[in-house]
Amino acid sequence: MAENNRIYLFDTTLRDGEQSPGVSLNAEEKLQIAYQLARVGVDIIEAGFPVASTGDYEAVKMIANKLKGVTVAALCRATPGDIDRTWEAIKGAENPRIHTFLASSDIHLEHKLKISRREMLDQAVAAVQYAKKYCPDIEFSAEDAFRSDLDFLVQIVEKVIDAGAKVVNIPDTVGYAVPEEFGSFIRAIMERVPNIGRAIVSVHCHNDLGMAVANSLAGIMNGARQVECAANGIGERAGNAALEEIIMALYTKKAYYQKEVQVNYKEIYRLSTLVSNLTGMKVQPNKAIVGRNAFAHASGIHQHGVLQNRSTYEIMSPELLGINRERMVLGKHSGRHAFKDRLEALGYTLSEEEINQAFVTFKEIADKKKELTDEDLEALVNDQIWAVPERFKLEYLHISSGTNMVPTATVKLSIDNKILQVAAIGDGPVDAACRAVDKITDVYGRMLEYKLNAVTAGKDALGEVVSRIQIESKVYNGRGLSTDIVEASVKSYINAINKYYHDQRNTSED
Ligand code: KIV
Ligand code: ZN
């Protein structure tokens, strides 16, 4: 296949994806996702927006320093200050890319930036020239490009390429395009920008009308060579184009598209599960490619067909994506070796110390639960990844609740090697236990969101609680895991409080 049929995958799970409402990943979680993206083989990982917060800056820096064999990009506004800080974060990468952006639509120029078209053009060119002094790989995005005046956009693209941009991104920032329209838009840019051959055109489509993937593919068909997407399609509002859908459309319809990506298909499902577990954003069961039902056949006629030959009702094989139809279980007799092997097969890269800690939890749970499936192991390791230094640790929990009685909780926590115990009442057992925690920690969190999920089927299933807790002006995601759902809830609440303390410590050390 000719070189210009190669499509570059630019993954923005850690940047646009992390901007999904309610999602907040810490540096360790981001690093785990970055490793898995590298295993999938995406060409560019957009690691974050370093100017957004100290946490984002540190996470981008860690990813840039640790990941090899992949381009690490970071986003910044088109100003020298933003570009300087972004370069500081990514300069340790093997192949760093500065991704700078400025809106180009009249709506944004008039109402958000309050600058003229001329000023926008000058600022965009100046930003690319400024970024170029740091590194050769510069991407420029004209935010809200699809709603911009085409003649003006053609000028911008030409000028930023002259200034040194190697990649020019044409986002449909608000997901307003439909495929034929978006395809023609990209075609017009390819035809009208005189120096377009000196840059790669990229597309970045949002999913507000449910067309992000279709629009991206239309862009590819009309000359775009880079596609920006996110695992499970997460991102601002309705999200971005889903990475796995783009990859599998190009693979399954290769005869039609005649384009190629270089990826490790078997790692796709693991990426989806990891992102879903760490962000707390569950994948809808009927989601294309990675949803629980994507390869489930319910009707008798379909089942009969699939038993005769899978191609009757399947256009791709789940095994190709790393979805294992044979389930593997571990139990209390499984050793550390088997445990470690299984975690590696599930795509986790943990240090020996982290494996040891996870193995202790595994043994505790295996004593209560006969069989631990892959989902259980994932939940358990996510506990590890979500862990922050435990200033407060749950040592004991007793609940009394039932019909016609006031729910009461007795909670014992260890704090800096001291043990404190209090009792509290509440509207329900979780409320009572959290109030007791408040009294001990003297931190009064507000529960904004509470999600309880049974990790697997069965009455002995592990309960996983993900909560969003507001403490002062910030929101922390907490996670707790236990076969007892009240315990899982309290652990999740304490996890958020520990994150708050960790944050406080890091901020005061800055
Ligand atoms: O949607 C968008 O326009 C973006 C840009 C910053 C690339 O995310
Ligand atoms: Zn976007």
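**Exercise 1. Sort the shell around ligand 1 by residue class: how many nonpolar, polar and charged residues does it have?**

Start with the members. In this predicted model, the residues around ligand 1 are R15, D16, L75, H99, F101, S141, E143, N169, P171, T173, H204 and H206. Now sort them: the shell has three nonpolar, six polar and three charged residues. For the sorting, Pro counts as nonpolar, along with Leu and Phe, which puts L75, F101 and P171 in that group. Asp, Glu and Arg count as charged, so R15, D16 and E143 go there.

**Exercise 2. Which side chains have an N or O atom 3.0 Å from an oxygen atom of ligand 1, and how much of the ligand does the protein cover?**

Go through the side chains in turn. D16 has a side-chain N or O atom 3.0 Å from a ligand oxygen. H206 gives 3.0 Å as well. For H204, the distance between a side-chain N or O atom and an oxygen of ligand 1 is 3.1 Å. With a cut-off of 3.5 Å for such pairs, D16, H204 and H206 are all inside it.

Next, the cover. On its own, ligand 1 has 260 Å² of accessible area, and the protein covers 94% of that. As for where the shell comes from, the elements giving two or more residues are β4 (95–103), β5 (138–143) and β6 (167–172).

**Exercise 3. Work out the sheet that holds β4 and β5: in what order do its strands close into a barrel?**

Walk round the ring. Eight strands close up in the order β1-β2-β3-β4-β5-β6-β7-β8, with parallel pairing. Ignoring direction, neighbouring strands are turned by 25 degrees against each other on average.

Then check a couple of pairs. β2 (residues 44–46) and β3 run parallel and share three bridges, with I45 opposite V72 in β3. Six bridges link β4 and β5, again in the parallel sense; here L102 has A142 in β5 as its bridge partner.

**Exercise 4. Is strand β3 largely enclosed or largely open, and is R77 buried, partly exposed or exposed?**

Count first. Of the seven residues in β3 (residues 71–77), six are buried, so the strand is largely enclosed by the rest of the structure. R77 sits in this strand. Its relative accessible area is 42%. Buried means under 20% and exposed means over 50%, so R77 is partly exposed. For a sense of distance, the C-alpha atoms of R77 and M221 are 29 Å apart, with those positions 144 residues apart along the chain counted as separation.

**Exercise 5. Which strands stand at the edges of the open sheet, and why is one side of each left without a neighbour?**

Get the order down: three strands, β12-β13-β14, paired antiparallel. β12 (446–454) and β14 (474–482) each have a single partner strand, so one side of each lacks a neighbour in the sheet. From one strand to the next, the twist averages 15 degrees.

Now zoom in on β13 (residues 463–471) and β14, which are antiparallel and joined by nine bridges. Among the pairs, Q470 is matched with V475 and V466 with R479. The two strands form a hairpin with two residues between them, and E472 in the turn has a positive phi of about 50 degrees.

Finish with burial. β14 is an edge strand, yet seven of its nine residues are buried, so "mostly covered" is the right call.

Conventions: Residues are numbered from 1 along each chain as its sequence is written. Chains are lettered from A and ligands numbered from 1 in the order in which they are written. This is a predicted model: local features need pLDDT of at least 70, side-chain atom pairs count only at pLDDT 80 or more; totals for chains, interfaces and linings use all residues. Side-chain values use heavy atoms; hydrogens and water are left out. A residue is near a molecule or strand if one of its heavy atoms lies within 4 Å of it. A polar contact is a pair of N or O atoms within 3.5 Å; within protein, one must be able to donate a hydrogen and the other to accept it, and residues adjacent in sequence count only if both atoms are side-chain atoms. Accessible areas come from the Shrake-Rupley method with a 1.4 Å probe; for residues, only the protein chains shown count as cover. Helices (H or I, at least four residues) and strands (E, at least two) are DSSP runs, numbered from the N terminus. Two strands pair if DSSP finds at least two bridges between them. Axes are lines fitted to C-alpha atoms, for helices over the stretch in contact, and angles run from 0 to 180 degrees between N-to-C directions. Buried means under 20% relative accessible area, exposed over 50%, partly exposed in between (1.4 Å probe, protein chains only).
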